[in-house]
Amino acid sequence: MARIIGGIATTHVPSIGKAIADHMEKDPYWSPFFKGFDFVHGWLKLHRPDVVVVFSNDHGLNFFLDKMPTFAVGAAAEYRNADEGWGLPVYKPFRGAPELSWHIIESLVDQEFDVTMCQEMLVDHALSIPFELAWPDCDAWPVRLVPIAINTVQHPLPSAKRCLALGRAVNHALQSWHGGERIVVIGTGGLSHQLDGQRAGFINPVYDRFCLDNLASDPDLLTRDSVRQIVEKGGTQGVEILNWIAARGALGDLALHEASRNYHIPISNTAAATVILEPA
Ligand code: DHB
Ligand code: FE
């Protein structure tokens with residue numbers, strides 16, 4: 001049986017990639033954020049996962065507004081990054097875990113989550129930036145990938161309740177996987193931010209704290225807000241918390257311990273946070 005070691009949730013702001021490319025990790029603007037990854041590096045070295053299941057949202061690199069699946073699961077042998085126009089390097093390819101992907105897809109459909117299955121998928125900064133943060137300076141990524149894309153871009157979005165249920169269904173799939181891989185679940189994006197409109201620059205530390213304080217112990221509490229209420233509280237792009245909520249669901253219903261937490265305002269326009277959750 002696969003072993004779920006724990007979960008990492010983190011921000012995916014593109015300018016982090018620029019800071020890494022320019023070796024700015026120790027710069028006073030950046031260091032309060034990058035310091036949060038010292039613990040992550042040690043934790044990953046200790047636990048050495050084989051596979052990561054990543055919940056994130058595509059921002060227009062793979063899916064565009066004309067065709068936007070609510071939930072999509074990658075089933076490719078390899079995933080590539082491409083230029084999104086942020087001035088970032090194009091990141092090295094990501095090795096897939098297609099057999100596990102198909103197992104998850106089959107299990108999800110069996111559980112009545114009728115997901116889109118993608119045998120080709122580009123992955124954008126929502127996935128590449130967390131990889132760069134977690135495994136800096138490696139020649140090849142040391143883990144295989146199952147990407148799960150949640151629509152947080154084109155309304156109507158799935159509810160937080162549905163995203164938590166999706167994550168729980170992924171947990172159910174992982175519990176019945178025959179392989180012996182060590183699996184880490186990752187959720188990316190958030191926390192509060194709004195990039196456009198009259199409230200551009202909006203950040204809400206009170207709502208962020210509510211999410212951080214309850215994610216491990218009572219994730220259902222985060223699902224009481226409708227998407228509209230989440231937008232009001234967390235900003236138009238703060239709805240990326242849906243990826244964190246799904247990732248939390250995929251960790252299952254065992255008691256969890258928050259092994260580390262870093263919260264820093266702002267990185268670019270975003271309240272940046274990184275947490276590790278592991279079985280208590
Ligand atoms: C920013 C944040 C995001 O989540 C994103 O996808 C792009 C940009 C930002 O704060 O600049
Ligand atoms: Fe984003």
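**Ligand 1 and the two biggest pockets**

Modeller: By class, four nonpolar, seven polar and one charged residues make up the shell around ligand 1. Keep in mind that this is a predicted model.

Biologist: What makes Glu240 the charged one in that shell?

Modeller: The residues around ligand 1 include Glu240, along with His12, Trp86 and His193. Glu counts as charged, while His isn't on that list and so goes with the polar ones.

Biologist: Why is the pair between ligand 1 and the side chain of His59 called a polar contact?

Modeller: An oxygen atom of ligand 1 is 2.7 Å from an N or O atom in the His59 side chain. The cut-off is 3.5 Å, so the pair counts. Ser268 has a polar side-chain atom 2.6 Å from a ligand oxygen, and a polar backbone atom of Asn269 is 3.1 Å from one; both are within 3.5 Å, so they count too. Taken alone, ligand 1 exposes 290 Å², and the protein buries 94% of that.

Biologist: Which pocket does ligand 1 take up?

Modeller: The largest pocket, with about 510 Å³ of space. Of its 29 lining residues, those closest to the centre are His59, His193, Leu195, Gln237 and Glu240.

Biologist: What makes Glu25 and Lys26 lining residues of the second largest pocket?

Modeller: Lining residues have an atom within 4 Å of a grid point of the pocket, so Glu25 and Lys26 must meet that cut-off. They are among the residues closest to its centre, of 15 in the lining. By class, that lining has six nonpolar, three polar and six charged residues, and helix 3 gives the most, with three residues.

Terms used
Residues numbered from 1 in each chain as written. Chains lettered and ligands numbered in written order. Predicted model: local features only at pLDDT ≥ 70, side-chain atom pairs only at ≥ 80, totals over all residues. Heavy atoms only, no water. Near = heavy atom within 4 Å. Polar contact = N/O pair within 3.5 Å; in protein donor to acceptor, adjacent residues only side chain to side chain. Areas by Shrake-Rupley, 256 points an atom, 1.4 Å probe, with all protein chains shown as cover. 1 Å grid on protein atoms, 1.4 Å probe; cavity = no way out; pocket = protein on both sides within 12 Å on 5 of 7 lines; lining within 4 Å. Sits in = over half its atoms within 2 Å of the grid points. Points joined across faces, edges and corners; volume = space filled by probe spheres on them. Helix = DSSP H or I, 4+ residues; strand = E, 2+ residues; numbered from the N terminus.
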